[in-house]
Amino acid sequence: PLQLQMIPSEMLPLTRNEPLPGGGAIRQGIEFDAIGHRVAYHFLRRHPGDVTDPGLAGETVRIPASEIVHVVDPVDAGQLRGVSRFAPAVAKLFLLDQYDDAELDRKKVAAMHALFITTPAPAEAFDTAESEEDGDRVLDLQPGSVTMLAPGEEIQTSAPADVGQTYEPFQYRTLLQVSAALGVPYAYLTNDMVRANYSNSRLALLEFRRRVEAYQHAVMVYQLCRPVWARWMDSAVMAGALNMPGYTRRRSAYLACSWLPPKWDWVDPLKDARAEIEQIEAGLKSRAQALSERGYDAEQVDAEIAADRARERRLGLAFGGAGQTGASPDAPPATTED
């Protein structure tokens, strides 16, 4: 008996601001009590851009705050609503798109004019046997064709201006500014690996991963995953789907868990693995921490390794690898010979 509904932020009207009896207030669609606790959310019944149901346009409904998971990444103290991560770059992206469209239209129009005919004769001197469209002379050019021109006429080929040497640097600098505004590496944003090398790619990737990990744990896990997990557990126990003795008294213990986001792929697997092994051997980090950073649970990995070892011994298998003999217990001892 648990349902989740994703609601876009525009369903919570920013224009809903009014005082309430008892010292409370509605601010940007969020209802607060006298001491500033969030009490409820006032959502529109229909999306403001939905014109298929005009009867409910503008009508709001009050939902208790206990039923709402508000995912927001605040950047300022006292911030009530979130700000799109595209906000610092959306104007520049819009102008860049217009610039690209203008360049494309200019090249398209220039490509439509292949040849120009210059003549000192008046327009009436045109050969009427040739095709005409709205009074303009039109030549039907075919491969290998020979076209006779009137006396005094000359043909000039079209030489439209190119985009120039500044087009690509301008695109690169603009996209670099967008990349900085979004906090996304340039190569990730544009899929342009020409300007990337190992050093700067690794440096940008490490910084990007720090930002993503902070967002994963401080926003998504804390604001979304934990409340949904708690509500799921409560609903499952109350519905009888799970039998957990003493759940009411030991609820915190039952809800305790580790959140493991998807692992990151290594930039240089060999160097990164060696560095991690040296850190573990030097006591700078534990195996459990290393496995957690990869997105795995240490206890589950150890159980799988133990099961693999037992199966290898039972089947008499032997695989290479540090710390893994895999030899059968009945096998004779190994000998060496000079």
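Is Ala34 buried or exposed? In this predicted model, Ala34 has a relative accessibility of 59% and therefore counts as exposed, since the threshold for that class is over 50%. The residue is located in the loop that runs between β3 (30-32) and β4, and its C-alpha lies 6.8 Å from that of Gly22, although 12 residues separate Ala34 and Gly22 in sequence. In β3 and before it, a contact between a charge and a ring was also found, in which the charged end of Arg27 sits over the ring of Phe32 at 5.8 Å from the ring centre.Aromatic contacts were examined across the whole structure, and the search returned seven aromatic pairs. One of these is formed by Tyr172 and Tyr186, whose rings adopt an edge-to-face arrangement with 5.0 Å between the centres and 75 degrees between the planes. Because Tyr172 belongs to helix α2 and Tyr186 to helix α3 (residues 186-190), this pair ties together parts that are 14 residues apart in sequence. Tyr186 has a relative accessible area of 14% and is therefore buried, the limit for that class being under 20%.

A further edge-to-face pair is made by Tyr188 and Phe208, with a centre-to-centre distance of 5.5 Å and an angle of 80 degrees between the planes. This pair links distant parts of the chain, as Tyr188 lies in helix α3 and Phe208 in helix α4, with their positions 20 residues apart in sequence. The two partners fall into separate accessibility classes: Tyr188, at 47% relative accessibility, counts as partly exposed, whereas Phe208, at 15%, counts as buried. Elsewhere, Tyr99, Tyr167 and Phe170 were found to form one aromatic cluster.

The pockets of the model were then considered. The largest pocket has a volume of about 1,600 Å³ and is lined by 41 residues, of which Met6, Ile7, Val69, His70 and Val71 lie nearest its centre. Two or more residues of this lining are given by each of β4 (38-44), β5 (60-64), α2 (167-182) and α4 (198-238), and the largest share, amounting to six residues, comes from α4. When the lining of the largest pocket is divided by class, 26 residues are nonpolar, nine are polar and six are charged.

The second largest pocket holds about 660 Å³ of space, and its lining consists of 24 residues, with Arg209, Glu213, Trp264, Trp266 and Glu293 lying nearest the centre. The elements that contribute two or more residues to the lining of this second pocket are α4, α6 (269-281) and α7 (287-294), and α4 again provides the largest share, here eight residues. By class, the lining of the second largest pocket comprises 11 nonpolar, four polar and nine charged residues. At least three residues of that lining are drawn from each of domain 3 (197-255) and domain 4 (269-315).

Helix α4 thus recurs in several of these descriptions, as the element with the largest share of the lining in the largest pocket and in the second largest pocket, and as the helix that holds Phe208, the partner of Tyr188 in α3.

Key: Residues are numbered from 1 along each chain as its sequence is written. This is a predicted model: local features need pLDDT of at least 70, side-chain atom pairs count only at pLDDT 80 or more; totals for chains, interfaces and linings use all residues. Side-chain values use heavy atoms; hydrogens and water are left out. On a 1 Å grid over the protein atoms alone, a cavity is a set of points where a 1.4 Å probe fits but cannot get out, and a pocket is an open set with protein on both sides within 12 Å along at least five of seven lines; lining residues have an atom within 4 Å of a point. Grid points are joined across faces, edges and corners, and a volume is the space filled by probe spheres set on the points. Helices (H or I, at least four residues) and strands (E, at least two) are DSSP runs, numbered from the N terminus. Ala, Val, Leu, Ile, Met, Phe, Trp, Tyr, Cys and Pro count as nonpolar, Asp, Glu, Lys and Arg as charged, and the others, Gly among them, as polar. Domain bounds come from an automatic or database domain assignment. Rings of Phe, Tyr and Trp (its six-membered ring) pair if their centres lie within 6.5 Å; planes under 30 degrees apart count as stacked, over 60 as edge-to-face and the rest as tilted. Buried means under 20% relative accessible area, exposed over 50%, partly exposed in between (1.4 Å probe, protein chains only). A charge sits over a ring if NZ of Lys or CZ of Arg is within 6 Å of the ring centre and within 35 degrees of the ring normal.
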